[in-house]
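Me: Please take a close look at one part of this model for me. Keep it brisk.

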Amino acid sequence: MDVTAMHIANGIVNGQVSAVFAVVAAIALAFCVLRSRADLDDRLAPMAGLVAAFIFAVQMLNFQVLPGVSGHLLGGALAVVLVGPWVGALCVATVLIVQCLLFADGGLTALGLNITNMALLGAAAGYLLVAVLLRVLPKTARGVAVATFVASVVSVVVASQGFVLQYWMGGTTELSLGTIAAAMAGVHTLIGIGEGLIAATTVATVVRVRPDLVYALRRFRTATAQPIGVPA
Amino acid sequence: MGAGHTSVLHLDHDSPVHRLPAEAKIVAMVLYTVVVVVTPRAEFAAFAGYALLIVAAAAAARIRPGWLARRATIELPFVLLAVALPFAGHGERVTWLGMSLSVDGLYGAWNIAAKGTLGVLASLVLAGTTTMRDLIGGLDRLHCPVVFTQIATFMLRYLDILVDDARRMRIARLSRGYDPRFLWQVKAFAISIGALFLRAFERGERVYLAMLSRGYTGRLPRPDRAPVTAGQWAAAALLPATAAGIAVVTVLQ
């Protein structure tokens, strides 16, 4: 298996800013852990594992667009649609931690930065969009697929701009910020479209066959599936 | 499905580093990387010392230099970014071989290349000497929240299922006369990705329910093991402690 690196490595952003984001990420993840307790039931626990594995697999698809500027699929939007924002953020964070420890991908001291961008920003942007879009779109496979596609594109671009913000706060060299922001946004819009297509196809199939597995549809579930009472 | 869930990076042989408990190795690697990253970028002697240390650790783990070098190419995209910095950076410039290079960019490139490489090498020594299962066990003993170790355990198991099911579906397509070439494979893959996801989920859901019915509570049983001895902690601490020593000596000079 050939794995290429794409997360922020050690030494790209200075120590102080890395430490600040490590604290931010730790606090946010602790909050997610608390909130996820209510969500993790018999159905969601294996789903969370599969979503994490799926994200792990798609993150290996890496697009080398310019020298030094590479991007990859993030999977945040797919995660929040299927397992919700709290568990979704935890799934992406777990992928990043395992990649960092076992596959030497992404610097250890940059873990806070990577988690903030991909797990927190990506999941938050993705879930907010999906929640808003599903209010207007039909709750069908097509509607959820469209919402997932839009959320994927936006969440990937938002996550990439998180890096620009961190680089602005503590980049170890002087590069013009506009160049980085434009390069990251451009590359990640293309990636977001690719990711959106993959995520939308996957989610559409799941909605069609096992709508009970889709977290984003939980709120809209009708109460028709109540067990029929046995007449006394 | 019961095949070994081994890491692609794990080197299956015995060495003193392999025998150290996972939690001690994780803590040692984290501290070592932190020391490397907080070292000011102009302390060249310190970085040479860190490099010697990690090479010594790799030697103790009986990891071949070729393996390390090949696996370390994972950070190549960032090295490319580093190469661009001296040309793109601002501020004071020097001329070298007729090229005008930014001093700040040169330091920046060195900073990224040195710290990135040392961090990758440290992770590789950990990954090469620790199985995925031990690593998750180590995180668990370091009081990592159960939800993380649970997701990670399932993730590593599902990875095998996903790869396995993708291969089976491809063989099924081939055996029905489908003859994919180059990029056109992508179309079939894109169409089947939803089916792949569901198949893998339903397989994994059965496994999960079977685990629940056998008393799984969200945490895999830990084999009874003696607690980490002070000697093992001390052995693991050699790496970060020496690195910290080097850092203090060079910065004070």
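Which residues have the most contacts inside the largest nonpolar core, and how many residues does that core have?

Reply: This is a predicted model. Its largest nonpolar core has 139 residues. Val51(A), Leu82(A) and Cys91(A) have the most contacts inside it. Helix 3 of chain A, residues 76–102, is the top contributor to this core, giving 20 residues. Chain B takes part too. Domain 1 (16–138 + 226–252) and domain 2 (145–213) of chain B each supply at least three residues to this core. In soluble globular proteins, nonpolar side chains tend to be buried together.

Now zoom in on Cys91(A). Leaving aside residues up to four places away in sequence, Cys91(A) touches Ala48(A), Val51(A), Ala52(A) and Ile55(A). It also touches Ala79(A) and Val83(A). One further partner of Cys91(A) sits in chain B: Ile151(B). Val51(A), then, is a contact of Cys91(A) and is itself listed with the most contacts inside the core.

Next, the chains around this core. Chain A has six helices and two strands. Their order along the sequence is α-α-β-β-α-α-α-α. Of the 232 residues in chain A, 58% are buried. Take the contacts in chain A between residues at least 6 apart in sequence: 78% join residues at least 24 apart.

Chain B has 10 helices and two strands. Along the sequence the pattern reads α-α-α-α-α-β-β-α-α-α-α-α. Here, buried residues are 38% of the 253 in chain B. For contacts in chain B with a separation of 6 or more, 80% come from residues 24 or more positions apart.

How values were computed:
Residues are numbered from 1 along each chain as its sequence is written. Chains are lettered from A and ligands numbered from 1 in the order in which they are written. This is a predicted model: local features need pLDDT of at least 70, side-chain atom pairs count only at pLDDT 80 or more; totals for chains, interfaces and linings use all residues. A nonpolar core is a set of buried Ala, Val, Leu, Ile, Met, Phe, Trp, Tyr and Cys residues joined through C-beta atoms within 7 Å. A residue is buried if 20 or more other C-beta atoms lie within 10 Å of its own, exposed if 12 or fewer, and partly exposed in between; C-beta atoms are placed from the backbone. Helices (H or I, at least four residues) and strands (E, at least two) are DSSP runs, numbered from the N terminus. Domain bounds come from an automatic or database domain assignment. Two residues are in contact if their C-beta atoms, placed from the backbone, lie within 7 Å.
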